[in-house]
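Open the model in a viewer and keep the sequence panel beside it. The stops below say what to select next and what is there.

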Amino acid sequence: MINATSKIELIKGDITKLSVDAIVNAANSSLLGGGGVDGAIHRAGGPEILAECKKIVARQGGCKTGEAVITTAGKLPSKFLIHTVGPVWNGGGKDEAEKLSNCYINSLQLAVMSGAKSIAFPNISTGVYGYPKFEAAQVAVKTVSRFLTKNDKIEKVIFVCFDEENFLFLERELGLVKS
Ligand code: ADP
């Protein structure tokens, strides 16, 4: 039995600075850039990323909610960039949890397929898309832990929190603090 939690790290900071095999972008379905972490990634990674996204759009017409695509990481210190589209929060009755879970699973699967052993996630959907942070943290930890117990190719998963609230919820979900 693989101990999933021992492979998960939690940090506070800017995901564009991380030197890991793959970082994940909370993109939108157009794949053509946006605000929040998406904007920060495109700014730091340079135009090569958008150029590859445009090729994907020409081929498959964007990316559906819960799905993921992979591109170069451009000038970022990571090797790959995985773009996934989180669900917009709509009250919770529109399969948001399943869609958010799919973002983590599909991103991890792409990482495995490309040979990445370390991957960093932002708190998908918890910005402009309005997913409640506590519920999002539960989905993130449950999904990633389950994946890691079934798949031994990924050695490290880092949750990168930009804000204190997400950090505290994840810390609790990961059992790093006593409740
Ligand atoms: P979404 O549309 O999926 O909600 P956002 O980019 O608006 O995406 O927000 C997702 C999360 O990314 C938020 O918790 C936000 O605080 C965080 N975020 C914003 N910039 C960065 C960054 N540079 N590094 C890591 N996380 C970031």
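Helices and strands here are DSSP runs, numbered from the N terminus: a helix (H or I) has at least four residues and a strand (E) at least two. By that numbering, Ser125 sits in the loop between β5 and α4, a stop reached later on. The model is a predicted one.

**The whole chain**

Begin with everything shown. The protein has five helices and six strands, and from the N terminus on they run β-β-α-α-β-β-α-β-α-β-α. The C-alpha trace spans about 45 × 35 × 25 Å along its principal axes. The radius of gyration is 15 Å, which agrees with the value near 16 Å that a compact globule of 179 residues would have. Of the 179 residues, 44% count as buried. Among contacts with a separation of 6 or more, 73% join residues 24 or more positions apart.

**The ligand**

Next, select the ligand and its surroundings. The shell holds 21 residues, the closest being Ala26, Gly36, Gly127, Tyr129 and Phe162. Which helix gives the largest share of this shell? Color residues 36–45: this is helix α1, and four of the shell residues come from it. Sorted by class, the shell has 10 nonpolar, eight polar and three charged residues.

**Helix α2 and its end**

Move on to residues 47–60, helix α2. Its 14 residues should span 20 Å at 1.5 Å a residue, and the end C-alpha atoms are 20 Å apart, so the two values agree. Just after α2, select Gly61, where phi is positive, about 70 degrees.

**The nonpolar core**

In soluble globular proteins, nonpolar side chains tend to be buried together. The largest nonpolar core here has 51 residues, and those that touch the most other members are Ala22, Ile23, Ile82, Ile119 and Phe121. Helix α4 (residues 133–150) gives the most to this core, with seven residues.

Select Phe121 and look around it. Leaving out residues up to four places away in sequence, Phe121 touches Val24, Tyr104, Val157, Phe159 and Val160.

Now show α4 alone. This helix has 18 residues and reaches 26 Å from its first C-alpha to its last, close to the 26 Å expected at 1.5 Å a residue. Its buried residues include Lys133, Ala136, Val144 and Leu148. Bring back the neighbors: what covers the buried residues of α4 includes β1 (8–12), α3 (96–113), β6 (156–161) and α5 (164–173).

**Ser118 in β5**

Ser118 lies in strand β5, residues 118–121. Is Ser118 buried or exposed? It is buried, because 20 other C-beta atoms lie within 10 Å, and 20 is the count at which a residue starts to be called buried. Apart from residues up to four places away in sequence, Ser118 touches Val20, Asp21, Glu155 and Lys156. For a longer distance, pick Gly74: its C-alpha atom is 17 Å from that of Ser118, and the two residues are 44 apart along the chain.

**Two loop residues with positive phi**

Most residues other than glycine have a negative phi. Two stops show a positive value.

Select Asp95 in the loop between β4 (80–85) and α3. Its phi is near 60 degrees. Asp95 is partly exposed, with 14 other C-beta atoms within 10 Å.

End at Ser125, in the loop between β5 and α4. Phi of Ser125 is near 75 degrees. Ser125 is buried, with 27 other C-beta atoms within 10 Å.

Terms used: Residues are numbered from 1 along each chain as its sequence is written. This is a predicted model: local features need pLDDT of at least 70, side-chain atom pairs count only at pLDDT 80 or more; totals for chains, interfaces and linings use all residues. A residue is near a molecule or strand if its C-beta atom, placed from the backbone, lies within 6 Å of it. Ala, Val, Leu, Ile, Met, Phe, Trp, Tyr, Cys and Pro count as nonpolar, Asp, Glu, Lys and Arg as charged, and the others, Gly among them, as polar. A nonpolar core is a set of buried Ala, Val, Leu, Ile, Met, Phe, Trp, Tyr and Cys residues joined through C-beta atoms within 7 Å. A residue is buried if 20 or more other C-beta atoms lie within 10 Å of its own, exposed if 12 or fewer, and partly exposed in between; C-beta atoms are placed from the backbone. Two residues are in contact if their C-beta atoms, placed from the backbone, lie within 7 Å. The expected span of a helix is 1.5 Å times one less than its number of residues. The radius of gyration is taken over C-alpha atoms; the globule rule is 2.2 Å times the number of residues to the power 0.38.
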